[in-house]
Amino acid sequence: MSDRTAVAGSQADGEVVPAAAAPAAAEADGADGAAGPRADPRPRNNRAWLLVLPVVVSVAFTAVIPLMTVVNFSVQDVFSPVDRVFVGLDWFRQIARDPEVRAALVRTLLFSAQVLLVEVPLGVAIAVCMPRRGFWVSVALVLVALPLLIPWNVVGTIWQIFARGDIGLGGWAVNNLLHVNFNYTLDSADAWITVLVMDVWHWTPLVALLAYAGLRSIPEPYFQAAQIDGASAWATFRHIQLPRLRGVLTIAILLRFMDSFMIYTEPFVVTGGGPGNATSFLSILLSKIAVGQFDLGPAGAFSLLYFLLVQIACYVFFTVLTRSGR
């Protein structure tokens, strides 16, 4: 044998392992001789899964079983609890071809786009203007978060009264100070603006708090270096703050899109979907079909299509935003 085989094996801590010890080391690494982690001799305790069992049961009763019930209704024409007919995909075809559903989809997409275009830049601007240290940090956080603490139906009631031209302060100010004939109960444009401003007031603080958390995570030496280089406030925001907010803004955009696309309570309380169908979004139309008309088959198909549309849109948003950040 040559001298090379005498020093075959692994070299650990600067010591040469003899060739005779190489087979033992190979057996310890695995049956196939490949290097890898050794098997853990300690017994595994699978009883920890019992701690997850309540969550699994809760999700099954609150999500899976209701979803299966909706699927069951979406393929049947229900006449009574004991009298029903299997219709297959007929309800899905009817909902997909319904012009009222298409119009509601357009209104919902337009509303979500306007919400994102207003709330995301406004929330980032508020976060940049908020103090970074001192006593006023706590005060600013509390004041910004106040709208988020109000329930949705209460927000709708507040704006229903506030925007009234006869008894509401906001409606009175627009009519008498700006000399604009504002009446959201009769004019479709006024109703749309009222719902949009209400959503901006309610949910912009969420974007501001997320952006503020992202700004606070930026190390202070970045700002010190920018100050030494004489960078302006806009240059600091563009080259330091905004790139660091990409991940936070991705979450904010996804949350706001999902919530605005599924909005129901606030516009329903304020306008009821009116005047006419001006603020009748997909959620309000679905509630009208399911509760008002009690058409369980079309409502089930509508719900599944609505759910699928939200999932696809969120996936597209997430894919585009994450790939653009690479």
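Contact here means heavy atoms within 4.5 Å. This report uses that term for a predicted model, in which local features need pLDDT of at least 70, side-chain atom pairs count only at pLDDT 80 or more, and totals for chains, interfaces and linings use all residues. Residues are numbered from 1 along each chain as its sequence is written, and side-chain values use heavy atoms, with hydrogens and water left out.

**Overview**

The protein has 15 helices and 4 strands. Helices (H or I, at least four residues) and strands (E, at least two) are DSSP runs, numbered from the N terminus. Of its 326 residues, 31% are buried. Buried means under 20% relative accessible area, exposed over 50%, and partly exposed in between, with a 1.4 Å probe and protein chains only. When contacts between residues at least 6 apart in sequence are taken, 65% of them join residues at least 24 apart.

**Three buried residues**

The table lists the accessibility of three residues.

| Residue | Place | Relative accessible area |
|---|---|---|
| Thr279 | loop between α13 (265–270) and α14 | 0% |
| Arg107 | helix α5 | 17% |
| Thr250 | helix α12 (residues 246–261) | 10% |

Thr279 counts as buried because its relative accessible area is 0%. Leaving aside neighbours within four places in sequence, Thr279 is in contact with Ala191, Trp192, Val195, Thr271, Gly273, Gly274 and Ile284. Its side chain also reaches the backbone oxygen of Gly274 at 2.8 Å. This is a polar contact: a pair of N or O atoms within 3.5 Å, where, within protein, one must be able to donate a hydrogen and the other to accept it, and residues adjacent in sequence count only if both atoms are side-chain atoms.

Arg107 has a polar contact too, from its side chain to the backbone oxygen of Ser280 at 3.0 Å. With neighbours within four places in sequence set aside, the contacts of Arg107 are Glu100, Trp192, Asn277, Ala278, Ser280 and Phe281. Arg107 and Ala278 are 171 residues apart along the chain, and their C-alpha atoms are separated by 8.2 Å.

Thr250 touches Phe318 and Leu321, not counting residues up to four places away in sequence.

**Packing of α5 and α14**

Two packed helices are described by the angle between their axes and the distance between the axes. Helix α5 (residues 99–129) and helix α14 (residues 282–292) pack at an angle of about 145°, with axes 8 Å apart. Axes are lines fitted to C-alpha atoms, for helices over the stretch in contact, and angles run from 0 to 180 degrees between N-to-C directions. On α5 the contact is made by Glu100, Val101, Ala104, Leu105 and Thr108, and on α14 by Leu282, Leu285 and Lys288.

**Nonpolar cores**

A nonpolar core is a set of buried Ala, Val, Leu, Ile, Met, Phe, Trp, Tyr and Cys residues joined through side-chain atoms within 4.5 Å. The largest has 40 residues, of which Leu282, Phe302 and Tyr306 touch the most other members. Helix α15 (residues 296–324) supplies its largest share, 8 residues. Outside its neighbours within four places in sequence, Phe302 is in contact with Ile95, Val101, Leu282, Leu285, Leu286 and Ile289. A second, separate core of 16 residues includes Val115, Tyr184, Trp192 and Val200.

**A hairpin**

Strands β3 (residues 76–80) and β4 (residues 83–86) run antiparallel and are joined by 4 bridges. Two strands pair if DSSP finds at least two bridges between them. The hairpin formed by β3 and β4 has 2 residues between the strands, and Asp77 stands opposite Val85 in β4.
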